[in-house]
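Colleague: I have not worked with this structure before. Could you take me through it step by step?

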Amino acid sequence: MTKENQYKRGLSRRDALALATGSAVSALVGFDAGAQSTPKRGGVLKVSANANPSSLDPATGGAGSDHTMLFPMYDTLMEWDYETLKPKPGLAESWRFSDPQTLVLALRKGVTFHDGTQFDAEAVKFNLDRCKTEPRSNLKADLATVASVEATGPMEVTLKLSQPDAALPGILSDRAGMMVSPTALKANGGALDRKPVGAGAYTFVSWTDNERLIMKRNDKYWRANERYLDGIEFAIIPELATGLRSVIAGQNDVAYSIPARQKPVIQRAKNLTVVTGPTVYCIQIYYNWARPPFDDIRIRKALNFAIDRDMFVKATLDGVGEPAYMNLPSKHWAYDPEVAKLYSYDPDKARALLKEANLPQNFGLELIGYTDQDSIRREEIIIEQLAKVGLKAKFTNGSIAEMSAAFLKDKKGDGLLSAWTGRPDPSLTYALMYSKDSYFNAGRADVPAELPEALKQTRLTENIDERRKAFAKVQRLVMENALVCPIAFQFELDALGPRVKGFKPNLLGKPKYDGVWLEG
Amino acid sequence: MGSHGALKVVGRRLLQAAPVIVLATFIVFALLKLLPGDVAVTLAGDNASEERIAEIRRVYGLDRPFLAQYGAWLWNALHFDLSRSLLSGEQVLTSILRCFPNTLLIVGMALTLALATGIPLGVAAATRPDSFIDRTVMAIASLGIAVPNFWLAMILVSVFALKWNLFPATGTTAFSKSPTDAIYHATLPALALAAGGMAEVARQVRGSLLDILSSQHVRTLHAKGLSPQIILWKHGLKNVGVNLLTVTSLLANRMLAATVVVEAVFAIPGMGNLIVHAAIQRDFPVVQGVVLAMVIVVILVNLIADLLCAVVDPRVGR
């Protein structure tokens, strides 16, 4: 079977692994890595971290790169399943919607924060209220549907919602669900940017900016016997190639989110283990559909037909990815295979649509992108593929912060080649990109009339089957109206040193070190 | 030069320093504000609404007029308060004091290496012009100038760190914690940085020494019957001194700038690292603080070079 065929029927995990790593690699690790040997206590895991944390307070920070450093220190109310991101119990032992606008959480007993403060209903209420009111909190939008939080028992919290919101369990498995010690918050003026106190498996030791973040084992952790490390040390190395070299040299044990072009480097290093797995990280072209040319659905569709996604994955991701036909990867619980069929590669159709749109002579797309090596490579391929259907495109490049703001805030350019890093609950992904007033809808343009209602439907019930159906409708609306041009999901590519056992990648692409232990 | 002359040099330099500092920090501040990109967007996080970004601007005072923001910064800086990083909340002065020793160690080692190898090479070449030694030294020097230091850095890492495991590939240890370990970590970065400097020093020493050795007064010295050794060491090198000091100060300043790249390759938390991250995220208090520190260092280096020049050549200070 050819690789093309594999992709068309959707990759199985094994195929993805085989494809992604090839036979030359010394070892392959899947979700069940290390299961055959018995975990052992002890040792400090050294991780090459890709960015300095924006803050170690979950409410005041904002970068997606923080999570991998926050998860070890903060337990969340809900957690997510590594493979599907379905919410599962965490600090909340169970939860139920007593009616669509009331969410009741039953909390785990016997949990304490690192400073000895008891974890209870009051603590949860304090945390959620703070996320909604603290001036520097970045979580107000996450909890927008929460009207009030009441401690309805010593270990029971009731959330009254302003509208049905089944996405909340997912949201509470992310930043908003990270529980911070109320005692520490009160003592430090409401935020703990540099002195985190959570209820997680590891307690904070020190953080030196752009250098090192150190945490040590929390022996009082409620699952202490399932955590094997004495501590975790993050060496902050934003230059990913340098981070990878630090693992090859044995200075660190883990490097994560390595660009696919570094795959040969990992393969040459005999002592490393390669880990890959699907993620929700979607490389895509954002459209500004408020004005020409992308106010014309035919042009938006033409791009979707013109890009050969299989080729793109092979050429730019070295196979460490899969084609994207919507904003969810094929392994996601809400993925809809029918929607995926909407835009198979069809240059003839693209040409016909462009002809119909009757673009002016010498028309050229003004796209915006980034200056890093990977982005440039992607741009070259997109320019080439668009040229094949007779569409000229030009990219203006700059740094990520600069160009994202230029497109999303200052409304420059027709489209932006960037990525969507994903959210634990897909309703957030869709709401944040395809609502009339959301930041990621660059033109703040009108969305299809049925979309807001369809989005609301995805939050009505917690029943996975019904939600899947509701999402299928949302995805269909987004893709039939071609509000975006999704191109590829970039898979996680991690390099592990020889000591590391029990590491599992996850669909969110933000590594957790729960079951990790060190050998020797 | 008497103490009076030295005071005059110091006084003049310090007077010049004030406008340079204000101008440099103002230009950098203006550039940061002129460039697209906004720290408020970074601060607001991944899923920010426009209201949230506007709110952040209010909370952090980013909505004030440009000059008011710069004025506030300058006023605080005059009171030795460099304020805090917008992103990490750390005192900027703390960050600088933490990062600067790392950079200083690399630059210091690189400069020492460059002088220790560059001067003998230059002398060897100048005393035997057009010989095999001269041509070899000049070839090495051309190579040293042509090779970019980030490339050399990566070659050094792959050979000495990854292949032979002689030196660490990344990271650093604070000099105050363990001087030997700090030097061990700084060796490869210093080597990468020193190559260009060594070449530059060798060329300059060779050039000015050749000039002097072929000058009229050296011819007179020869005629008087002085030995070539005395002519070279006493009369030749002394006259190279001023040139060498000037090159060294320029080199020191250039190496400080080059650490931006070398620190990235070796993941060294120094000044270069600090300013790059701050600039990318428009964390202007940090950028301003680093620029201020760098300007002061450059002014100090130049001042020391001037004073030393005046000592070596009394004509300079007058």
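Modeller: The conversation below goes from the overall form of one chain to its details and then to its partner chain. Please keep in mind that this is a predicted model.

Colleague: How many helices and strands does chain A have?

Modeller: Chain A contains 17 helices and 22 strands. Its C-alpha atoms occupy a box of roughly 70 × 55 × 40 Å along the principal axes.

Colleague: What radius of gyration does chain A have, and what would a compact globule have?

Modeller: The radius of gyration of chain A is 23 Å, which agrees with the value near 24 Å for a compact globule of 520 residues. Of these 520 residues, 56% count as buried. Among contacts in chain A with a separation of 6 or more, 71% are between residues 24 or more positions apart.

Colleague: Into which domains is chain A divided?

Modeller: Domain 1 is made of 1–50, 201–277 and 491–520, domain 2 covers 52–192, and domain 3 covers 282–490. The centres of domain 2 and domain 3 of chain A, taken over C-alpha atoms, are separated by 32 Å.

Colleague: How many residues of domain 2 are in contact with domain 3 in chain A?

Modeller: In chain A, 16 residues of domain 2 are in contact with 13 residues of domain 3. On the domain 2 side, the residues divide into eight nonpolar, four polar and four charged.

Colleague: Turning to sheets, in what order do the six strands of the open sheet in chain A run?

Modeller: The order is 15-19-14-18-16-17, with mixed pairing. Strand 15 (321–323) and strand 17 (392–398) of chain A are the edge strands, each pairing on one side only. From one strand to the next, the twist averages 30 degrees.

Colleague: Do tell me about the middle of that list. In which sense do strand 14 and strand 18 of chain A pair?

Modeller: Strand 14 and strand 18 (residues 415–420) of chain A pair in the antiparallel sense over six bridges. C282(A) stands opposite W420(A), which is in strand 18 of chain A.

Colleague: Which helix lies across strand 15 and strand 19 of chain A?

Modeller: That is helix 10 (residues 309–317) of chain A, which runs at about 45 degrees to strand 19 (484–490) of chain A.

Colleague: Now the backbone. Which residues does the cis peptide bond join?

Modeller: The cis bond joins P292(A) and P293(A), with omega at about 0 degrees. P293(A) is in the loop between strand 14 (282–287) and helix 9 (297–306) of chain A. As background, most peptide bonds are trans, and most residues other than glycine have a negative phi.

Colleague: What is the phi of N210(A), and what is that of N358(A)?

Modeller: N210(A) has a positive phi of about 55 degrees without being a glycine. For N358(A), phi is also positive, at about 55 degrees.

Colleague: Is each of them buried or exposed?

Modeller: N210(A) is buried, because 24 other C-beta atoms lie within 10 Å. N358(A) counts as exposed, because it has 9 C-beta neighbours inside 10 Å. N210(A) is in the loop between strand 9 (202–208) and strand 10 (212–217) of chain A, while N358(A) is in the loop between helix 12 (347–357) and strand 16 (364–370) of chain A.

Colleague: Finally, how many residues of chain B are in contact with chain A?

Modeller: 40 residues of chain B are in contact with 36 residues of chain A. The elements that give two or more residues to the chain B side include helix 5 (92–127) and helix 10 (228–266) of chain B. That side divides into 20 nonpolar, 13 polar and seven charged residues.

Terms used: Residues are numbered from 1 along each chain as its sequence is written. Chains are lettered from A and ligands numbered from 1 in the order in which they are written. This is a predicted model: local features need pLDDT of at least 70, side-chain atom pairs count only at pLDDT 80 or more; totals for chains, interfaces and linings use all residues. Helices (H or I, at least four residues) and strands (E, at least two) are DSSP runs, numbered from the N terminus. The radius of gyration is taken over C-alpha atoms; the globule rule is 2.2 Å times the number of residues to the power 0.38. A residue is buried if 20 or more other C-beta atoms lie within 10 Å of its own, exposed if 12 or fewer, and partly exposed in between; C-beta atoms are placed from the backbone. Two residues are in contact if their C-beta atoms, placed from the backbone, lie within 7 Å. Ala, Val, Leu, Ile, Met, Phe, Trp, Tyr, Cys and Pro count as nonpolar, Asp, Glu, Lys and Arg as charged, and the others, Gly among them, as polar. Domain bounds come from an automatic or database domain assignment. Two strands pair if DSSP finds at least two bridges between them. Axes are lines fitted to C-alpha atoms, for helices over the stretch in contact, and angles run from 0 to 180 degrees between N-to-C directions.
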